[in-house]
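Here are some questions and answers for a reader who has not met this structure before. Each answer ends on the value or name asked for.

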Amino acid sequence: QVQLQESGPGLVKPSQTLSLTCTVSGDSITANYYYWSWIRQPPGKGLEWMGTIEYSGSTYYSPSLKSRTSISRDTCKNHIILQLSSVTPEDRAVYYCARRSVGMLYDYWGQGTQVTVSS
C-alpha cells in the first residue's frame, strides 16, 4: 500500500521560503515510471498543479510558479521536497503531494497540509 504524507510549517511569513516534505512509503520514489507532484488548492478555488519530479529526477514546473518553485528529492529518506520562495498571502492553500504513472491519472494522494502566509 502506497502512502504519502505531507509535512511542514502551517504558518509562513511573507517573503519567506516555504518548505514542505512528502514522505512516501510502500514504494520507491525512483521506481520506473512514476511521477511525483505537488498540487495545491487555495481556499474556494480549484486544484493547481505546481510541479513534478519524475523517477529519473527530472523536474517540470508550472510556468506561473516556475521562478519561485523548486522540487527535489532525498532518495535515502524517500522524500519529495517542495520549496516555494517569496511567499505572499496568495500562496495560502492546502498543499498535496500525489503520484501518477505514465499516461495515467493520479492514483495516490497525501491528506494535504494547510499553509497560511501571514506576518
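A residue counts as buried when its relative accessible area is under 20%, as exposed when that area is over 50%, and as partly exposed in between. The model discussed here is predicted.

Q: What share of the 119 residues in the chain do buried residues make up?
A: The cut-off for buried is under 20% relative accessible area. Among the 119 residues of the chain, the buried share is 41%.

Q: How many helices and how many strands does the chain have?
A: Read along the sequence, the chain follows the pattern β-β-β-β-β-β-β-β-β-β-β. The count is therefore zero helices and eleven strands.

Q: Which radius of gyration does the chain have, and what does the globule rule give for 119 residues?
A: The C-alpha trace spans about 40 × 25 × 25 Å along its principal axes. The chain has zero helices and eleven strands. Its radius of gyration is close to the value of the globule rule, so the chain is as compact as a globular protein of that length: 13 Å, against 14 Å from the rule.

Q: Is strand β5 largely enclosed by the rest of the structure or largely open, and how many of its residues are buried?
A: Strand β5 covers residues 48-54, seven in number. It is largely enclosed by the rest of the structure, because the buried residues among the seven number five.

Q: Which residue stands opposite W49 of β5?
A: Strand β4, residues 34-41, pairs with β5 in the antiparallel sense over six bridges. In the hairpin of these two strands, six residues lie between them, and G44 takes a positive phi near 75 degrees. Opposite W49 stands I39.

Q: Which residue in β6 stands opposite G51?
A: Strand β6, residues 59-61, runs antiparallel to β5 and is joined to it by three bridges. The hairpin of β5 and β6 has four residues between the strands, and there G57 takes a positive phi near 100 degrees. The residue opposite G51 is Y61.

Q: Where is the cis peptide bond that leads to Y33, and what is its omega?
A: Most residues other than glycine have a negative phi, and most peptide bonds are trans. Y33 lies in the loop between β3 (18-25) and β4. The cis bond runs from N32 to Y33, with omega near -10 degrees.

Q: Is N78 buried or exposed?
A: N78 is found in the loop between β7 (69-74) and β8 (79-84). Its phi is near 60 degrees, a positive value in a residue other than glycine. With a relative accessibility of 12%, which is under 20%, N78 counts as buried.

Q: What relative accessibility does S86 have?
A: S86 lies in the loop between β8 and β9 (93-101). Its phi is near 50 degrees, which is positive in a residue other than glycine. S86 counts as partly exposed, because its relative accessibility is 41%.

Q: Which residues is A93 in contact with, leaving aside its neighbours within four places in sequence?
A: A93 is found in strand β9 and is buried, with a relative accessible area of 1%. Leaving aside the neighbours within four places, its contacts are R40, Q41, P42, P43, T113, Q114 and V115.

Q: How far apart are the centres of the positive and negative side chains?
A: The chain has 10 positive and 8 negative side chains. The centres of the two sets lie apart by 5 Å.

How values were computed. Residues are numbered from 1 along each chain as its sequence is written. This is a predicted model: local features need pLDDT of at least 70, side-chain atom pairs count only at pLDDT 80 or more; totals for chains, interfaces and linings use all residues. Side-chain values use heavy atoms; hydrogens and water are left out. Buried means under 20% relative accessible area, exposed over 50%, partly exposed in between (1.4 Å probe, protein chains only). Two strands pair if DSSP finds at least two bridges between them. The radius of gyration is taken over C-alpha atoms; the globule rule is 2.2 Å times the number of residues to the power 0.38. Lys and Arg count as positive and Asp and Glu as negative; His and the chain ends are not counted. The place of a charge is taken as NZ of Lys, CZ of Arg, CG of Asp or CD of Glu. Contact means heavy atoms within 4.5 Å.
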